[in-house]
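Okay, thanks for making time, everyone. Let me put the model up on the screen and then walk you through it chain by chain.

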Amino acid sequence: ISSMATPGNSADKPLAERSPFTTTSFQKKTRSKLISIPGTRPSVQNGQLLVSTGVTSLDYLLGGGLAVGTVLLIEEDQYDSYSHMIVKYFLAEGVVCQHELFMAAAQDDPDDILQELPHPILDDVVIHNPVEQPTLSCKCQDSLDSMKIAWRYQNLPKVQSTLASSSRFGHYYDVSKTMEPDIRQAAKCHRFFLPEHLTQSSPAQCLMLGSYSALLKSLQEVIHREGFDLANAMSKSRNILRIGLHSLGSALWGDDLSFHVNPRHRHALTTFLYGLRALLRSSLSVAVVTISSHLIQDRALMGSITRLCDNAIALESFKGSERETNPLCKDYHGLLHVHQVPHLNCLASYLPDHKDLAFKLKRKQFSIERLHLPPDLSETVSRVSRGELAGAATVASPCGSGTFGNKHLDF
Amino acid sequence: MYTELNSILNVTPDSFTQGEFILVSDRQSDASFLIHHFLSFYLRARCKVCFLGLVQSFSHYSAVSQRLGVSLTQAKEKGQLIFFEGLKESLSILIPQETNPESQAMDFLRDPSVGLRSLYEFVRSSLSSSGGEEKGADRAEEWGPPVLLVDDLSVLLSLGVSVGAVLDFSHYCQATVCSKLQGNMVMLVRCNGLEEEDDGDDESSDRLLKGLTHQCSLSLHVQGLPTGYCRDIHGQVEVCWRRRQGDGTHMQKKLFQFKVHDKGASFFARGTSNAVL
């Protein structure tokens with residue numbers, strides 16, 4: 001156990017066992033003590049234990065996945081539709097990998113959020129790795145059968161026009177369907193719904209934390225009780241706790257960050273994030289936090305919030321903005337900004353190739369792509385003037401007889 | 001320890017000026033790689049080091065130092081390094097429990113208005129008591145001048161401490177470590193967003209940076225490239241010396257670009273990156 005590459009002890013980092021289907025004649029010698037947790041893999045850069053966010057192209061963007069013990073901050077888009085989707089992907093990935101979940105929210109009941117998880121597309125997982133998902137095999141049978149005509153192509157890797165890491169690690173999800181209840185119920189979920197905790201305030205709570213005090217305490221209890229702590233309970237079988245915290249800093253959390261430029265509980269959220277980091281660094285857990293940053297009045301606060309998280313991305317959807325109807329943006333649903341990359345256990349962090357990124361939500365995939373303008377294929381735009389010029393210049397040309405400047409293709 | 005930075009600063013682990021207050025700051029970039037440099041530098045220089053790690057866990061600093069060729073665990077066992085792990089200490093206050101004893105040094109978390117007196121007391125006792133203790137225990141190892149490293153000060157602002165209290169803390173530390181004990185001090189401050197916004201009122205981390213820049217004798221300010229993100233050049237660092245010579249302070253500034261590698265960092269003059277040439 002001491003050799004697991006977790007934030008607690010990654011100084012001696014062995015590579016945890018890779019998935020069994022990438023077998024070559026050369027096999028890495030691994031110590032028998034090593035426990036590999038399903039749904040995790042070591043980072044190629046620094047040997048950190050990574051989990052998938054459930055969005056393959058987001059994993060690639062973050063350098064392979066989320067390092068265990070870190071926090072991913074997502075700045076919500078204006079209507080919280082896409083950021084909410086990513087949280088659901090993150091939780092769904094946890095269900096598929098049989099991790100434990102912790103969902104906290106103040107607005108929607110966490111149970112409602114868990115019921116809306118997207119349906120996993122599990123075909124290739126079952127082919128390669130039938131032992132890991134025994135309960136799911138029947139579901140996957142129909143998705144196998146679905147490919148009747150183009151059966152030759154079904155084992156080909158998916159076309160990688162988008163950013164994606166090469167090996168199979170995350171899964172794809174169908175957002176038009178929700179996950180079957182029996183898959184969902186197989187995963188162990190802990191929930192925290194703020195309205196249920198408002199009355200029972202303990203006398204000895206920290207005043208600085210405000211309403212986040214109950215959340216931090218509940219998190220610590222779960223981590224301690226279920227043995228995610230790195231310090232003790234070594235005998236228990238290891239698993240990952242995925243923590244989703246929805247819309248922190250909103251008015252429903254009892255925070256006044258969105259009303260005042262100088263809020264009264266200015267430091268409650270940052271103090272909570274500090275405590276969250278302290279909890280995560282000493283346990284096998286990973287968190288995704290969403291914050292509606294466009295509502296926070298004090299702009300400087302967002303910088304301190306970002307620095308207290310490890311990864312930070314921001315979503316900017318085109319919904320409701322004038323870009324929605326702009327033909328240049330028609331291929332995408334919004335822009336994605338990378339605000340911070342983690343520096344954990346290493347000097348040089350993974351840096352993305354470029355930072356002009358856009359996302360789109362397709363039925364089976366949330367994909368993040370490099371932003372580029374679509375090729376201009378229409379007949380009318382911008383080439384007319386050139387055609388007219390050319391037509392005027394080549395009046396005497398033999399091919400251009402009769403038609404002048406009205407078409408681009410004239411013989 | 002980055003040798004290129006050593007030659008820029010004109011120091012080696014064997015010879016460096018004592019009584020210096022080095023301020024490391026950043027804006028829209030990450031200067032924490034410099035903290036790792038100074039940590040390994042002073043450990044190699046056989047100084048007695050007190051490290052206030054407020055933003056990361058011990059294992060993080062230990063893992064990075066290992067890549068730079070210094071073992072923090074050994075230094076801790078030998079008594080050379082006193083490591084204060086803020087994250088660990090804070091939990092007992094943020095989630096109060098009957099069983100574990102509360103940390104004294106972080107008591108500002110309970111009520112930020114009390115200031116950082118207890119944290120200063122921790123620094124003072126861990127650095128200045130070492131001499132007497134060694135005589136009593138008759139230790140074989142003798143350490144050089146004391147060094148205080150803080151990573152980072154601006155997180156204290158996020159935890160509710162006022163700018164004035166942080167400046168008081170650094171001033172007390174400077175008086176004790178730099179003047180009285182003739183040691184060195186390195187502090188990191190991270191600033192928010194854009195510089196010089198026109199709305200008049202200064203933001204708290206900017207006020208902290210201004211105050212500390214006034215106190216320090218050497219400042220290293222890390223910024224992102226003004227031309228935007230680049231994969232091969234991670235940013236630029238402005239080194240500024242202020243020497244008090246006779247009647248006035250003498251200032252000298254140099255600007256370098258840098259790239260952080262797996263096991264170090266390289267510094268070069270503007271426009272001379274490998275990617276450009």
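So, starting with chain A: it has 411 residues, and 53% of them count as buried. Bear in mind throughout that this is a predicted model. In secondary structure, chain A comes to eleven helices and 14 strands. If you take its contacts between residues at least 6 apart in sequence, 72% of them join residues at least 24 apart. As for surface, chain A has about 19,500 Å² accessible, with 55% of that belonging to carbon and sulfur atoms.

Now, confidence. Chain A has a mean pLDDT of 75, and 68% of its residues get to 70 or more. Where does pLDDT stay under 50 in chain A? One stretch is residues 30-34, for which the model has eleven contacts beyond four places in sequence. Another is residues 124-142, also below 50, with 19 contacts in the model beyond near neighbours in sequence. Where pLDDT is low, the predicted coordinates should not be read in detail. Please keep that in mind when you scroll through those parts.

On to chain B. Here we have 277 residues, and buried ones make up 58%. The count is ten helices and nine strands. Of the contacts in chain B between residues at least 6 apart in sequence, 68% join residues at least 24 apart. Chain B exposes about 12,300 Å², and carbon and sulfur atoms supply 47% of that.

Let's zoom in on a helix in chain B, H5, which runs over residues 86-94. Why do I call this one largely enclosed by the rest of the structure? Because seven of its nine residues are buried. The buried ones are B:Gly86, B:Leu87, B:Ser90, B:Leu91, B:Ser92, B:Ile93 and B:Leu94. And what covers them? The cover includes pieces from both chains: helix H8 (212-225) and H9 of chain A, plus strand E2 (48-53) and strand E3 (81-85) of chain B.

That takes us over to H9 of chain A, residues 268-281, and in particular to A:Thr271, which lies in it. Is A:Thr271 buried or exposed? It's buried, with a relative accessible area of 0%. Leaving out residues up to four places away in sequence, A:Thr271 touches A:Met208 and A:Leu209, and across in the other chain B:Leu94, B:Leu109, B:Ser158 and B:Leu159. You'll recognise B:Leu94 there as one of the buried residues of H5(B). There's also a polar atom on the side chain of A:Thr271 that lies 2.4 Å from the backbone oxygen of A:His267.

Another buried spot to look at is B:Leu68, in the loop between helix H3 (58-67) and helix H4 (72-78) of chain B. It counts as buried because its relative accessibility is 6%, and the cut-off for that is under 20%. Apart from neighbours within four places in sequence, B:Leu68 is in contact with A:Leu347 from the other chain, and with B:Met1, B:Tyr2, B:His36, B:Ser40, B:Arg44, B:Lys263 and B:Gly264. Take B:Ser40 from that list: it is 28 residues from B:Leu68 in sequence, but the C-alpha atoms are 7.1 Å apart.

Next, some backbone geometry. Most residues other than glycine have a negative phi, and most peptide bonds are trans. With that in mind, look at B:Asn10, where phi is near 60 degrees. B:Asn10 sits in the loop between helix H1 (3-9) and strand E1 (21-27) of chain B, and it's exposed, at 68% relative accessible area. B:Gln28 also has a positive phi, near 55 degrees. You'll find B:Gln28 in the loop between E1 and helix H2 (32-44) of chain B, and at 56% relative accessibility it counts as exposed. Then there's a cis peptide bond, from B:Asp151 to B:Asp152, with omega near -20 degrees. B:Asp152 is in the loop between strand E4 (146-151) and helix H8 (154-158) of chain B.

Last thing, cavities. How many of 30 Å³ or more are there? Four. The largest cavity holds about 190 Å³ of space. It is lined by 18 residues, and the closest to its centre are A:Gln45, A:Asn46, A:Leu62, A:Pro342 and A:Tyr350.

That's my tour, so over to you.

How values were computed: Residues numbered from 1 in each chain as written. Chains lettered and ligands numbered in written order. Predicted model: local features only at pLDDT ≥ 70, side-chain atom pairs only at ≥ 80, totals over all residues. Heavy atoms only, no water. Helix = DSSP H or I, 4+ residues; strand = E, 2+ residues; numbered from the N terminus. Buried < 20%, exposed > 50% of the residue type's maximum accessible area, 1.4 Å probe, protein only. Contact = heavy atoms within 4.5 Å. Areas by Shrake-Rupley, 256 points an atom, 1.4 Å probe, with all protein chains shown as cover. pLDDT = per-residue confidence, 0-100. Polar contact = N/O pair within 3.5 Å; in protein donor to acceptor, adjacent residues only side chain to side chain. 1 Å grid on protein atoms, 1.4 Å probe; cavity = no way out; pocket = protein on both sides within 12 Å on 5 of 7 lines; lining within 4 Å. Points joined across faces, edges and corners; volume = space filled by probe spheres on them.
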